[in-house]
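Please open the structure in your viewer and keep the selection tool at hand. We will go from stop to stop, picking out one piece at a time.

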Amino acid sequence: MAATQVIRSEWTKIRSVASTVWTLSLAVVVTIALGMLISALSKSEFDDMSRGDQLSFDPTFISFAGMSLGQLAMIVFGVLVVGNEYSTGMIRTSLAAVPQRGTFLFSKIAVAAGLALVVGMATSFVAFFLGQAMLGQHKASIGDSGVLRAVIGGGLYMTLIAVFSMGVAVMLRSPMLSLGILMPFFFLISTILGNVGATKKFAQYLPDQAGSRIMQVVTPLDDDTPYGPWGGLAIMAAWVVAVLAGGYLLLKKRDA
Amino acid sequence: MIELEGLTKRYGEKVAVNNLTFTVRPGIVTGFLGPNGAGKSTTMRMMLGLDRPTAGDVRIDGQHYDRLKDPLTYIGALLDAKAMHGGRSAFNHLLCLAQSNGIPTSRVHEVLETVGLTSVARKKAKGFSLGMGQRLGIAGALLGDPRILMFDEPVNGLDPEGIHWIRNLMKSLAAQGRTVFVSSHLMSEMALTADHLVVIGQGRLLADTSMADFIAQNSRAYVRIRTPQRERLLDVLHGAGITVVEAGEALEVDGSKSERIGELAAQHQLVLHELSPQRASLEEAFMQLTAESVEYHAHSDAPLEQPEPWGDGWRKD
């Protein structure tokens, strides 16, 4: 079984369902629009901010504010790419056509991750430039120290969150269950854990909190995070590798 | 050729498929018969490498399924007509299967034509009727022009025209020298299509025989007689050494002795209102065969406090 055959097949699968288009469009639109809105609001409120807040004002990070919501659409994309195989029963047809389960899984993930990377990277750049346009005189420039890294990091973050969701969906096999766990987790629980003193130490190692560090250019004043931007992304990548490994082992072992 | 050797599948305590050994040969339609829950679908999933056997082995043309290079070109299967993404068009569904096995796109158009779905090729599969879905599943099975074809309950839910079409398709595939393996829970359906019969019940092999032999062995032949001169005829038949069973108004004689009985009646100038050779239905024979397996199983290993047979309905078959 040539992997290139399976990759072509997976590309046909992913481009031929409507959910791909609407989840990714939603991710693009929400991330960019919400980023612009919050950037515009921040600009108008800048003069009322405390001195400390003004000093640690991070225009790059502000323009990515839409990702907190946009990432949910990326999660839906990742979950549906994998979960639809199970919910529709297509998985049995797919595995009968490609019985090498590792080839099947990693071809599917490579195709979906590649697509998420292209969309995520474009979204990140557009969100940055439009966000900066909203920020007026407080804006950052792409040439400033650390800014390009943050913008590229934003695209990588969106890709990794999608791939993480794919791994979870392989393990759970049900799109509803996967979304029921991932959506509240990344939208609410992770944030809550990160803001409560007792759980903060632990929460900063969660995939989204560690990964989003890469989008920061100005570190907050009281920051004591034990990792840097690339360190944070590496922690997120380790989570992704872990769920993919778990998904692969389960897929290999389980009856389809 | 599909070869099973001691194929066994256990789910915890439950034995879904129990030590099956048989061979599916090319050039004929082999029917795979058993009541719902007998383990037919589980067996077929193991043949396709979807479920892992607990014990035993199944080989396709001498190889394990996951060793086949481009498996769709060896064996095509229709397991479940619903096993596809409803949001994808018929064409794209077949295209992604074709691409994964290096089958050219032109072949997708060919099989769509074969199953009569060309006009709806660009329509989403979720709008398809059961019959159209079944046809699309069959198109997927034919895609790689495989030497072996496998259909799980292909006529379920089809209209008479669709049933007729599938029967003829299976026969013509077998006539081309291909191996055709088709499951059903209906004996009457098998009697019309299958040349060879593999019967299972509670996951056990109950019969592996040619259709003709199965009919000869399991379908009791008898002669039904009605006469107004009942007592005299009984005496005559007893005198000739023929055993008679009284079945309500009529009399029944085992075997196919209608000529002999007619001649005896004529000799003794007896009036007959009916003298007809009969055959017990295959459906009856099949039910008897599988009922025995249920009973046997319940006595042998099912605990007494759990009287209902476990085999029914716990897993889709």
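## First stop: a helix across strands

In this predicted model, begin by selecting helix H9 (residues 258-267) of chain B, which lies across E10, E12 and E13 of chain B. Helix H9 of chain B runs at about 165 degrees to E13(B).

Now colour the strands underneath your selection. They belong to an open sheet of four strands in chain B, in the order E11-E12-E10-E13, with antiparallel pairing. At the edges you will find strand E11 (245-247) and strand E13 (274-279) of chain B, each of which pairs on one side only. On average, neighbouring strands of this sheet are turned by 30 degrees against each other, direction ignored.

Zoom in on strand E10 (residues 221-226) and strand E12 (residues 250-254) of chain B, which run antiparallel and are joined by four bridges. Pick Ile225(B) here, and look across to Leu251(B) in E12(B), which stands opposite.

## Second stop: the whole of chain B

Zoom out until chain B fills the window. Its C-alpha trace spans about 80 × 50 × 35 Å along the principal axes, and the chain has ten helices and 13 strands. Colour residues 2-210 as domain 1 and residues 220-279 as domain 2. The C-alpha centres of these two domains of chain B lie 47 Å apart. Of the 317 residues in chain B, 41% are buried.

## Third stop: the six-stranded sheet

Next, select the strands E5-E6-E7-E3-E8-E9 of chain B, given here in their order in an open sheet with mixed pairing. Strand E5 (75-78) and strand E9 (204-210) of chain B are the edge strands, each pairing on one side only. The average turn between neighbouring strands of this sheet is 15 degrees, direction ignored.

Add helix H4 (residues 130-142) of chain B, which packs on the sheet and touches E5 and strand E6 (148-152) of chain B. The direction of helix H4 of chain B makes about 170 degrees with that of E5(B).

Then move to strand E3 (residues 29-33) and strand E8 (residues 196-201) of chain B, a parallel pair joined by four bridges. Which residue of E8(B) is the bridge partner of Gly31(B)? Select Leu197(B) to see that partner.

## Fourth stop: nonpolar cores

Show both chains and select Phe77(A), Ala162(A), Leu94(B) and Ala139(B). Among the 142 residues of the largest nonpolar core, these four touch the most other members. Helix H8 (residues 147-172) of chain A gives the most to this core, with 14 residues.

Centre on Ala139(B) and show what surrounds it. Beyond its neighbours within four places in sequence, Ala139(B) is in contact with Leu94(B), Val111(B), Leu112(B), Thr114(B), Val115(B) and Leu117(B). Another core, of eight residues, lies apart from the largest one; among its members are Val223(B), Leu233(B), Leu237(B) and Leu251(B).

## Fifth stop: where the chains meet

Select the contact between the chains, which takes 31 residues from chain B and 25 residues from chain A. On the side of chain B that touches chain A, helix H2 (residues 90-100) of chain B gives the most, with six residues. Coloured by class, that side of chain B shows twelve nonpolar, eleven polar and eight charged residues.

## Last stop: a loop in chain A

Finish at Gln216(A), in the loop between helix H11 (207-212) and helix H12 (229-253) of chain A. Is Gln216(A) buried or exposed? Gln216(A) is buried, because 21 other C-beta atoms lie within 10 Å. Leaving aside neighbours within four places in sequence, Gln216(A) is in contact with Asp58(A), Phe61(A), Ala150(A) and Pro229(A).

Definitions and conventions:
Residues are numbered from 1 along each chain as its sequence is written. Chains are lettered from A and ligands numbered from 1 in the order in which they are written. This is a predicted model: local features need pLDDT of at least 70, side-chain atom pairs count only at pLDDT 80 or more; totals for chains, interfaces and linings use all residues. Two residues are in contact if their C-beta atoms, placed from the backbone, lie within 7 Å. Helices (H or I, at least four residues) and strands (E, at least two) are DSSP runs, numbered from the N terminus. Ala, Val, Leu, Ile, Met, Phe, Trp, Tyr, Cys and Pro count as nonpolar, Asp, Glu, Lys and Arg as charged, and the others, Gly among them, as polar. Domain bounds come from an automatic or database domain assignment. Two strands pair if DSSP finds at least two bridges between them. Axes are lines fitted to C-alpha atoms, for helices over the stretch in contact, and angles run from 0 to 180 degrees between N-to-C directions. A residue is buried if 20 or more other C-beta atoms lie within 10 Å of its own, exposed if 12 or fewer, and partly exposed in between; C-beta atoms are placed from the backbone. A nonpolar core is a set of buried Ala, Val, Leu, Ile, Met, Phe, Trp, Tyr and Cys residues joined through C-beta atoms within 7 Å.
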